[in-house]
Amino acid sequence: DVTFVGANTPQTESIEAAARLGPGYVGVGVTKVYNLLAARRVIRQLRDIRARDNSTFEILVGGRAFETHPELVGELGADRLVRGYDDIRRLAGGAG
């Protein structure tokens with residue numbers, strides 16, 4: 001199942017949704033490199049929620065900014081980079 005919280009949902013509500021919904025994965029997509037600073041804050045907040053609630057969700061990142069700078073995935077605290085549909089299928093346990 002996928003829950004889309006919406007592009008216009010306030011950031012704090014989007015982040016708290018991770019705590020309320022109990023997902024297996026939380027995805028953060030970044031297209032423009034200049035948005036990586038904001039992504040760092042979001043990822044830090046997600047990690048804090050994960051620790052606070054003893055959750056096990058993985059933080060996935062994707063988008064052009066991470067594709068051109070994959071070294072930032074770990075530096076920003078994300079768990080893994082998702083580059084496309086095949087990566088999603090592998091996460092879901094399907095052939096890819």
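Select Asp-87 to begin; this residue sits in helix H5 of a predicted model. Asp-87 has a relative accessible area of 18% and therefore counts as buried, the limit being under 20%. Leaving out residues up to four places away in sequence, the residues that Asp-87 touches are Leu-81 and Val-82.

Which residue forms a salt bridge with Asp-87? Add Arg-90 to the selection: the closest N and O atoms of Asp-87 and Arg-90 are 2.5 Å apart. Both residues belong to helix H5, which spans residues 85-91, and their separation of three residues is about one turn of the helix. Arg-90, at 45% relative accessibility, counts as partly exposed, whereas Asp-87 counts as buried.

Continue along the chain past helix H5. Gly-93 is found in the segment after H5. With a relative accessible area of 64%, Gly-93 is exposed, because exposed means over 50%. A distance drawn from the C-alpha atom of Gly-93 to that of Glu-16 should read 27 Å, the two residues being 77 apart along the chain.

Centre the view next on Glu-16. Glu-16 lies in helix H1, and at 29% relative accessibility it counts as partly exposed. Its side chain meets that of Arg-52 in a salt bridge, with an N to O distance of 3.5 Å. This pair connects distant parts of the chain, since Arg-52 is in helix H2 and the two residues are 36 apart. Arg-52 counts as exposed, at 51% relative accessibility. Add Asp-53 to the display as well: Glu-16, Arg-52 and Asp-53 are linked in a network of salt bridges.

Side chains of opposite charge can pair when their charged atoms come close. How many salt bridges does a search of the whole structure find? The total is six.

A further one of these involves helix H2. Select Arg-47 and Asp-79, which form a salt bridge with their closest N and O atoms 4.0 Å apart. Arg-47 is in helix H2, while Asp-79 occupies the loop between H4 and strand S3 (80-81); the pair, 32 residues apart, links distant parts of the chain. Arg-47 counts as partly exposed at 36% relative accessibility, and Asp-79 counts as partly exposed at 33%.

Remain in helix H2, residues 36-52, and select Arg-50. Is Arg-50 buried or exposed? Its relative accessible area is 15%, so Arg-50 is buried. What does the side chain of Arg-50 reach? It reaches the backbone oxygen of Phe-57, at 2.8 Å. With neighbours within four places in sequence set aside, the contacts of Arg-50 are Ser-55, Thr-56, Phe-57, Glu-58, Ile-59 and Asp-79. Asp-79 is thus a contact of Arg-50 and also the salt-bridge partner of Arg-47.

Move to Phe-57. Residues up to four places away in sequence aside, those touched by Phe-57 include Ala-18, Pro-23, Gly-24, Tyr-25 and Val-26. Leu-46, Ile-49, Arg-50 and Asp-79 are also among the residues that Phe-57 touches.

Phe-57 leads into the largest nonpolar core. In soluble globular proteins, nonpolar side chains tend to be buried together. The largest nonpolar core of this model holds 21 residues, of which Val-28, Val-30, Leu-36, Leu-46, Phe-57, Val-61 and Phe-66 touch the most other members. To colour the core by element, use helix H1 (11-21), strand S1 (25-29), H2, strand S2 (58-62), helix H3 (64-68) and helix H4 (72-75), each of which gives two or more residues. H2 provides the largest share, with six residues.

End the tour at the largest pocket, which contains about 1,300 Å³ of space. Its lining comprises 37 residues; select Thr-3, Val-5, Val-26, Gly-27 and Val-28 to display those closest to the pocket centre. Val-28 has already appeared among the core residues that touch the most other members, and Val-26 among the residues touched by Phe-57. The elements giving two or more residues to the pocket lining are H1, S1, H2, S2 and H5. Which element gives the most to this lining? H1 does, with six residues.

Key: Residues numbered from 1 in each chain as written. Predicted model: local features only at pLDDT ≥ 70, side-chain atom pairs only at ≥ 80, totals over all residues. Heavy atoms only, no water. Helix = DSSP H or I, 4+ residues; strand = E, 2+ residues; numbered from the N terminus. Buried < 20%, exposed > 50% of the residue type's maximum accessible area, 1.4 Å probe, protein only. Polar contact = N/O pair within 3.5 Å; in protein donor to acceptor, adjacent residues only side chain to side chain. Contact = heavy atoms within 4.5 Å. Core = buried A, V, L, I, M, F, W, Y, C linked by side-chain atoms within 4.5 Å. 1 Å grid on protein atoms, 1.4 Å probe; cavity = no way out; pocket = protein on both sides within 12 Å on 5 of 7 lines; lining within 4 Å. Points joined across faces, edges and corners; volume = space filled by probe spheres on them.
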